[in-house]
Amino acid sequence: MARVNENYAKLPGSYLFAEIARRTSAYAEAHPEAKLIKMGIGDVTRPLVPAVVEAMHAAVDDLATSERFHGYGPEQGYDFLREAIAQHDFRARGVEIAVDEIFVSDGAKSDCGNIGDILALDNVVAVCDPVYPVYVDSNAMSGRAGDYDAESERWTDIVYMPTTAENGFCPEFPAEKADVIYLCSPNNPTGTVLNREQLSAWVDYANENGSIIMFDAAYERFIVEKDVPHSIFEIPGARTCAIEFRSFSKTAGFTGARCGYTVVPKELERDGQSLNAMWNRRQTTKFNGASYVIQRGAAAIYTPEGACQIEETLEYYRNNARVIKEGLEAAGFEVYGAVNSPYVWCKTPEGVGSWEFFTKLLEEANVITTPGAGFGPHGEGYVRLTAFGDADATVEAVERIRAM
């Protein structure tokens, strides 16, 4: 008889955002008159910019002709996009990344979950706490996390690194050696960042211990402060210890279109094997590449017109983040993030739990947030708000919360 992957049975409840959607739907059904404002899931609301749309239309026209038709593309991505990425995302910042170190995909979330395919199951995994759930859940599905302890809300074999206001949202090195370390800057969910000195210390740690840093840079375009690296490869030594994940979802509104990429340096080797070659083997076996139309759209953001247009959209969201941060602070809340990020990490009132405050905001202000506890034990006592909504709705949501 066929057997299933028993690790799935260990997963607690449903995926965080599915649970939020369930609770929100139940409330909306019971209160059809409620005007709900979504500030929970980090989904963008602004349309694709004209340069991207025009490029996609032209790509569709290509597929309608025999002369310009494209079938299967290269699993690693078309060179026209990979060259643009190498030039504008890295060389423009003084970082040399080769085209064959860039792997275009259908999004950073997929790659963050799939990267474990090339790693042994006995690696010790360390994550920040609070943490983006995909890092933990994908390792649990693979069998690296051990067993889930409901009382502590932790997995027995995962190393949790508290990342809190008390330590300036910079995790300390784990007491036990970690083989795989997930870092996210700007951070999801806290909206905070690691500066150059902090990130350099982690690169040194990884090289000294033979660890690999999984660096999620999905929100790097929101960085405005000068001492905050946009890429881990700005740090000397990172090419021998890091893999970086990038996304067009928040950069250019591709949450529905789906496109991102992962950088695996050729210097990164473990057990005498190239992780670049291993990831290439994995992708060519399990992935047929992102679509031609989508990649043409992604490449358009690197044109002068596209770059200008997406910057306007990014500034729209940055302003929303400022409105949320300043409004909540004026109401007496303790908040973090927002400056270099589309996320605002808000401390709940004294003695009020994350899910309790989520419910209070939903029912009394009709504002949907994300409970911090859903991101890990050290997320308890916080909620996350996103800046990806409509500007007028964002102002209204903040006013509703202040009125409470």
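These notebook entries record what I looked up in a predicted model.

**Entry 1: the sheet of 7 strands**

I began with the strand order of an open sheet. The sheet has 7 strands in the order β2-β10-β9-β8-β7-β3-β6, and the pairing is mixed. I then asked which strands stand at the edges. They are β2 (102-105) and β6 (158-162); each has a single partner strand, so one side of each is left without a neighbour in the sheet. I also looked up the twist: on average, neighbouring strands of this sheet are turned by 20° against each other, direction ignored.

Within this sheet I followed one pair of strands. Strand β7 covers residues 180-184 and strand β8 covers residues 212-216; the two run parallel and are joined by 5 bridges. I noted one bridge by its residues: Cys184 has Asp216 in β8 as its partner.

**Entry 2: Ser211, ahead of β8**

Next I turned to a single residue. Ser211 is found in the loop between α6 (196-209) and β8. Is Ser211 buried or exposed? I recorded a relative accessible area of 0% for Ser211, and the cut-off for buried is under 20%, so Ser211 counts as buried.

I then looked up what the side chain of Ser211 reaches. It comes to 2.5 Å from the backbone oxygen of Ala178. Setting aside neighbours within four places in sequence, I listed the residues in contact with Ser211; among them are Ala178, Asp179, Ile181, Tyr205, Cys241 and Arg270. Of these, Ile181 belongs to the residue range of β7, 180-184.

**Entry 3: helix α8**

I moved on to a helix. Helix α8 consists of 12 residues, 275-286. From its first C-alpha to its last it reaches 16 Å, close to the 16 Å expected at 1.5 Å a residue.

Which residues of α8 are buried? I found Leu275, Asn276, Trp279, Arg282 and Gln283. These buried residues cover an arc of only 125° around the axis, which puts them on the same side of α8. On the other side of α8, I found Arg281 and Thr285 exposed.

I also examined the N-terminal end of α8. Ser274 caps this end, with a side-chain oxygen 3.3 Å from the backbone nitrogen of Asn276. Asn276 is also one of the buried residues of the helix.

**Entry 4: the sheet of 4 strands**

I then looked up a second open sheet. Its 4 strands follow the order β13-β14-β17-β16, with antiparallel pairing. Here β13 (335-337) and β16 (370-371) stand at the edges; each has a single partner strand, so one side of each is left without a neighbour in the sheet.

Strand β17 (residues 382-386) pairs with β16 in the antiparallel sense over 2 bridges. In this pairing Thr370 stands opposite Arg384, and Pro371 has Val383 as its bridge partner. With strand β14 (residues 343-347), β17 pairs in the antiparallel sense over 5 bridges. There Cys346 stands opposite Val383.

**Entry 5: what covers β17**

My last question was how many residues of β17 are buried. The count is 5 of its 5 residues, and the strand is mostly covered. Tyr382, Arg384 and Thr386 point one way from β17, while Val383 and Leu385 point the other way. I noted finally that helix α11 (residues 354-365) lies across β16 and β17 and runs at about 45° to β17.

Notes:
Residues are numbered from 1 along each chain as its sequence is written. This is a predicted model: local features need pLDDT of at least 70, side-chain atom pairs count only at pLDDT 80 or more; totals for chains, interfaces and linings use all residues. Side-chain values use heavy atoms; hydrogens and water are left out. Two strands pair if DSSP finds at least two bridges between them. Axes are lines fitted to C-alpha atoms, for helices over the stretch in contact, and angles run from 0 to 180 degrees between N-to-C directions. The expected span of a helix is 1.5 Å times one less than its number of residues. Buried means under 20% relative accessible area, exposed over 50%, partly exposed in between (1.4 Å probe, protein chains only). The arc is that of the directions from the helix axis to the C-beta atoms. A polar contact is a pair of N or O atoms within 3.5 Å; within protein, one must be able to donate a hydrogen and the other to accept it, and residues adjacent in sequence count only if both atoms are side-chain atoms. Contact means heavy atoms within 4.5 Å.
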